[in-house]
Amino acid sequence: MARMIDDTPHSGLPFLKMHGLGNDFVVIDARGGVAPVTAGLARALADRHRGVGFDQLAVIEDDTDADLRLTFWNADGSLSAACGNATRCIARHEMDRRGVAALTLRTERGVLHAVDAGDGLTSVNMGQPMTDWADIPLAAAMDTLHLPIPGDPVATGMGNPHCSFFVEDAEAVDLAVEGARMEHHPLFPARTNVQFAHLIGPDHLRMRVWERGAGVTLASGSSSCAVAVAAVRRGLTGRKVKITLDGGDIWIDWRDDGVWMTGPTATVFSGVLTPEWLAAVQ
């Protein structure tokens, strides 16, 4: 019987598939001069039927001052300045590969620090939140703790914009409709990630998320950080918060040096994009 596994060497583009709480990523290691990713390639890769499928694409490059540099692409081919779960996944993989317990990763947020948190968990400091309207950014000067939008959401910047609603029941929200509507709200000139959350216990939130450029996702690291910061600012929780997402639990700790995010990661498989497929989508 013929083997179903193709072990023929390929000259295409290698990649890894990873996820953090079901928030999934394709990772391309471009260290050493791999051809750069384009918006068209990102969109083609994101197609779950004709490509590989992902919520975000992460590209690893060399950096002179950090252990590595990360660039993030959304499923629609747009760039994202931050992707917390992908940062954790790549940090975990690289720490294991190097045999170290700490790592620095440069993103558009600056140099982020990652550490092995034990018990298979990885922590990343996502930096200080931005709460001024101009930094998020919003379209005009306003109180970011109480936006003039029905539902009284909070705006937070974590390298990308976030709009967080605190509701009675996040499960009851039509996320596909409300998330898509809010992503393009005119108060957010760069579009926004959208979260709906409710308190289910002391320092414990239930959250669902719509990601800018990706849609409904099972989890989002930067969104989790934004909701935790918004909950602290509203007086709903302390600075250490457990957040239950559709994909599982993540822990956020807003410390003096930044917002630390801790959770599990998984490397699912490796593969190679064939030269024929790459030529067809470029």
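This report describes the overall build of a predicted protein model and then its strands E4 and E10, helix H1 and residue Thr156.

**Overall build**

The protein contains 5 helices and 17 strands. Its radius of gyration is 19 Å, close to the 19 Å that the globule rule gives for 282 residues, so the protein is as compact as a globular protein of that length. Along the principal axes, the C-alpha atoms fill a box of roughly 60 × 40 × 40 Å. Of the 282 residues, 53% are buried. Among contacts between residues at least 6 apart in sequence, 61% join residues at least 24 apart.

The exposed surface of the protein comes to about 12,200 Å², and carbon and sulfur atoms supply 54% of this area. There are 24 positive and 35 negative side chains, and the centres of these two sets lie 1 Å apart.

**Strand E4 and its partners**

Strand E4 spans residues 68–74 and is mostly covered, with 5 of its 7 residues buried. It pairs with strand E3 (residues 56–61) in the antiparallel sense, with strand E6 (residues 102–107) in the parallel sense, and with strand E5 (residues 79–80) in the antiparallel sense. The table lists these pairings together with those of strand E10.

| Strand pair | Sense | Bridges |
|---|---|---|
| E3 and E4 | antiparallel | 6 bridges |
| E4 and E6 | parallel | 2 bridges |
| E4 and E5 | antiparallel | 2 bridges |
| E9 and E10 | antiparallel | 4 bridges |
| E10 and E11 | parallel | 5 bridges |

Trp73 of E4 is the bridge partner of Leu57, and Trp73 also stands opposite Leu79 in E5. On the E6 side, Arg69 has Arg106 as its bridge partner. E4 takes part in two hairpins: the one with E3 has 6 residues between the strands, while the one with E5 has 4 residues between the strands. In the turn between E4 and E5, Gly77 has a positive phi of about 90 degrees.

**Helix H1**

Helix H1 covers residues 39–46, and its buried residues are Leu41, Ala42, Ala44, Leu45 and Ala46. An α-helix has 3.6 residues a turn, so residues three or four places apart point the same way. The buried residues of H1 pack against E3 and E4, and also against strand E2 (23–29), strand E17 (266–273) and helix H5 (275–281).

**Strands E9 and E10, and Thr156**

Strand E10 spans residues 161–166, and 6 of its 6 residues are buried. In a regular strand the side chains alternate between the two faces of the sheet. In E10 both faces are covered: one side carries Pro161, Cys163 and Phe165, and the other carries His162, Ser164 and Phe166.

E10 runs antiparallel to E9 and parallel to strand E11 (residues 193–201). Val154 stands opposite Ser164 in the first of these pairings, and Phe166 stands opposite Ala197 in E11. The hairpin of E9 and E10 has 3 residues between the strands, and Gly159 there takes a positive phi near 95 degrees.

Thr156 lies in strand E9, which spans residues 154–157. Is Thr156 buried or exposed? Thr156 has a relative accessible area of 0%, so it is buried, the cut-off being under 20%. Leaving aside neighbours within four places in sequence, Thr156 is in contact with Pro161 and His162, and also with Pro129, Met130, Ile136, Ala226, Val229 and Ala230. Pro161 and His162 are themselves buried residues of E10, on opposite sides of that strand.

Note on methods:
Residues numbered from 1 in each chain as written. Predicted model: local features only at pLDDT ≥ 70, side-chain atom pairs only at ≥ 80, totals over all residues. Heavy atoms only, no water. Rg over C-alpha atoms; globule rule 2.2 N^0.38 Å. Buried < 20%, exposed > 50% of the residue type's maximum accessible area, 1.4 Å probe, protein only. Contact = heavy atoms within 4.5 Å. Areas by Shrake-Rupley, 256 points an atom, 1.4 Å probe, with all protein chains shown as cover. Lys, Arg positive; Asp, Glu negative; His and termini not counted. Charge placed at Lys NZ, Arg CZ, Asp CG, Glu CD. Pairing = 2+ DSSP bridges.
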